[in-house]
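User: Please take a close look at one part of this structure and describe how it sits within its surroundings. A connected account, moving outward from a single residue, would be most useful.

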Amino acid sequence: MTGKTILIGQVLSFHGSPFEGEAAAAVRLDGAIRVEAGRIVAVGGADRLKADAPDARVIDHGNRVIMAGFVDAHVHYPQTAIIASWGKRLIDWLNTYTFPEETRFGDADYAREIAARYLDLTAAHGVTTMCSYCTIHPASVEAFFSAAQARGQRVVAGKTCMDRNAPEELRDTAQSAYDDSKALLTRWHGVDRLGYAITPRFAPTSSPEQLSALGALWAEHPDCLMQTHLSEQVDEIEWVRGLYPEARDYLDIYETHGLLGARGIYGHSIHLEPRERDRLAETGAALAHCPTSNTFIGSGLFDMAGLIAQGQRVGLASDTGGGSSFSMLRTMAAAYEVAQLRGHALHPAQLLWLATVGSARALHLDHLIGNAVAGNEADLVVLDLASTPAIAQRAERAGDIWEALFATIMMGDDRAIADVWIGGKQCGAVSRA
């Protein structure tokens, strides 16, 4: 075995943002990708790549599409077991389902069990990188990073911090949030393919003192990401106004406490005030669009077209378990439906870009992942465009590759994931080549 592998199929790569022009995305019908030492070393025609590396192992996927693995910009891995829990608004959902489940993560064995289960489930759906909230328990972070490290997987995560408006057993303090986060950051950030995100859950569950402490930690470690929630539901915003009456708006709370910046990721961001939109764009912060969650919990409709036109940095996210699916195909389908309700039809190339390059940009990882181009890490997914009879009969009528891809986006599930590569290694549990 040479350690070289050539994957043959229809190769999808991006040369720019499809929100800025149709020529930004391309699918090469006779394409191939050469993988070596965990990286993509060449992308081009199948005949040329085979001639350049005659000793390479060759996997021919025929007319399947080979592209970058999906990147999920906002998840809660501890909510894996409570995904698709019935019928609650945000605050009720947290109190009824989320907080009781997160209490269990004080048990390190349980945390390890769910971390492994989550990474298995997401790999089966072609998700190769995600940015996850953990719980207040350091063991939940240890479990997630350890599981990802063992798989050679690039992930970002952080200890969720809450010191009020949560069950007592799920509260830390301003000082312990700082201390625990700093210790975890020091231990894991930048190790192998792991990155740390400083993680105040959201303004209602953190006191001003805790937000300030985490803002100070971010100032000390500006290369880390910071993730939180912003303007998800109108009743949440009213609650925030009552807790922080001196703030100009929701975002102002984070900015006041040092939690607004280019490496910040703000989940949901549906009901933004004009000033908030301007400040987010000015700072280069990222917004995580969570369409299945926003419809499932009845939060509202994200303004994709308006925010992209304003120059916002936007990634796509499942928000499991508030989101109702681990699948980024289902997440893309929901993003399409939400945009339609706002009078805008997203092109398949735009949807796929959001789930790969867009989310990688939101995590400041687009120089490493999110695109099937030479030099990037070899995180790849292979899509079967005829994975079910319903999809196959539609794909047969497709006028071009984008029509065929759109059918899989709208109707596909884990059966459409023919193969997955993480860090240059084939995931045997999901390989269907």
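Analyst: A polar contact is understood here as a pair of N or O atoms within 3.5 Å, where one must be able to donate a hydrogen and the other to accept it. The model is a predicted one, and the residue chosen as the starting point is W421, whose side chain makes such a contact with the side chain of D419 at 3.1 Å.

W421 belongs to strand β15, which spans residues 417-422. Is W421 buried or exposed? Its relative accessibility is 2%, and W421 therefore counts as buried, since the cut-off for that class is under 20%. Apart from residues up to four places away in sequence, W421 touches T5, L7, R57, I59, T128, A378, D379, L380 and Q426. By contrast, the C-alpha atom of M332 is separated from that of W421 by 21 Å, with the two positions 89 residues apart along the chain.

These contacts can be placed in the sheet that holds β15. The sheet is open and has 7 strands in the order β3-β2-β1-β4-β14-β15-β16, with mixed pairing. Its edge strands are β3 (39-45) and β16 (425-426), each of which pairs on one side only. Q426, one of the residues touched by W421, lies in the edge strand β16. T5 and L7 are also touched, and they fall within β1, residues 4-14. R57 and I59 are likewise among the contacts and fall within β4, residues 57-68. Strands β1 and β4 pair with each other in the parallel sense over 6 bridges; V11 has I66 of β4 as its bridge partner. As a general point, strands of a sheet pair through backbone hydrogen bonds, either parallel or antiparallel.

L380, another contact of W421, falls within β14, residues 380-383. The loop between α13 (348-362) and β14 holds N376. N376 has a relative accessible area of 6% and so is buried. Beyond its neighbours within four places in sequence, N376 is in contact with R39, I40, D366, H367, L368, I369, G370 and N371. Of these, R39 and I40 fall within the edge strand β3. D366 is 10 residues from N376 in sequence and 8.7 Å from it in space, C-alpha to C-alpha.

Strand β15 also meets a helix. The buried residues of α3 pack against β15, and against β5 (70-76), α2 (90-103), β6 (127-133) and α4 (138-151) as well. T128, touched by W421, falls within β6. Helix α3 covers residues 108-124, 17 residues in number, and reaches 24 Å from its first C-alpha to its last, close to the 24 Å expected at 1.5 Å a residue. Which residues of α3 are buried? They are Y110, A111, I114, A115, Y118, L119, T122, A123 and A124. An α-helix has 3.6 residues a turn, so residues three or four places apart point the same way. At the N-terminal end, D107 caps α3, with a side-chain oxygen 2.9 Å from the backbone nitrogen of D109. At the other end, α3 is followed by G126, whose phi is positive, near 80°.

Helix α2, one of the packing partners of α3, leads in turn to enclosed space. There are 2 cavities of 30 Å³ or more, and the largest holds about 140 Å³. Its lining consists of 14 residues, of which H76, L90, L94, H229 and E232 lie nearest the centre. The element that gives the most to this lining is α2, with 4 residues.

L90, named among those nearest the cavity centre, is also a contact of Q233. Q233 is located in the loop between β10 (225-230) and α7 (234-243), and its relative accessible area of 0% is why Q233 is classed as buried. Setting aside neighbours within four places in sequence, the contacts of Q233 are R89, L90, H271, I297, G298 and S299. With I297 there is a polar approach: a polar atom of the Q233 side chain lies 3.0 Å from the backbone oxygen of I297.

In summary, W421 is a buried residue of strand β15, and β15 is packed against by the buried residues of α3.

Technical notes
Residues numbered from 1 in each chain as written. Predicted model: local features only at pLDDT ≥ 70, side-chain atom pairs only at ≥ 80, totals over all residues. Heavy atoms only, no water. Helix = DSSP H or I, 4+ residues; strand = E, 2+ residues; numbered from the N terminus. Expected span 1.5 Å × (residues − 1). Buried < 20%, exposed > 50% of the residue type's maximum accessible area, 1.4 Å probe, protein only. Contact = heavy atoms within 4.5 Å. Pairing = 2+ DSSP bridges. 1 Å grid on protein atoms, 1.4 Å probe; cavity = no way out; pocket = protein on both sides within 12 Å on 5 of 7 lines; lining within 4 Å. Points joined across faces, edges and corners; volume = space filled by probe spheres on them.
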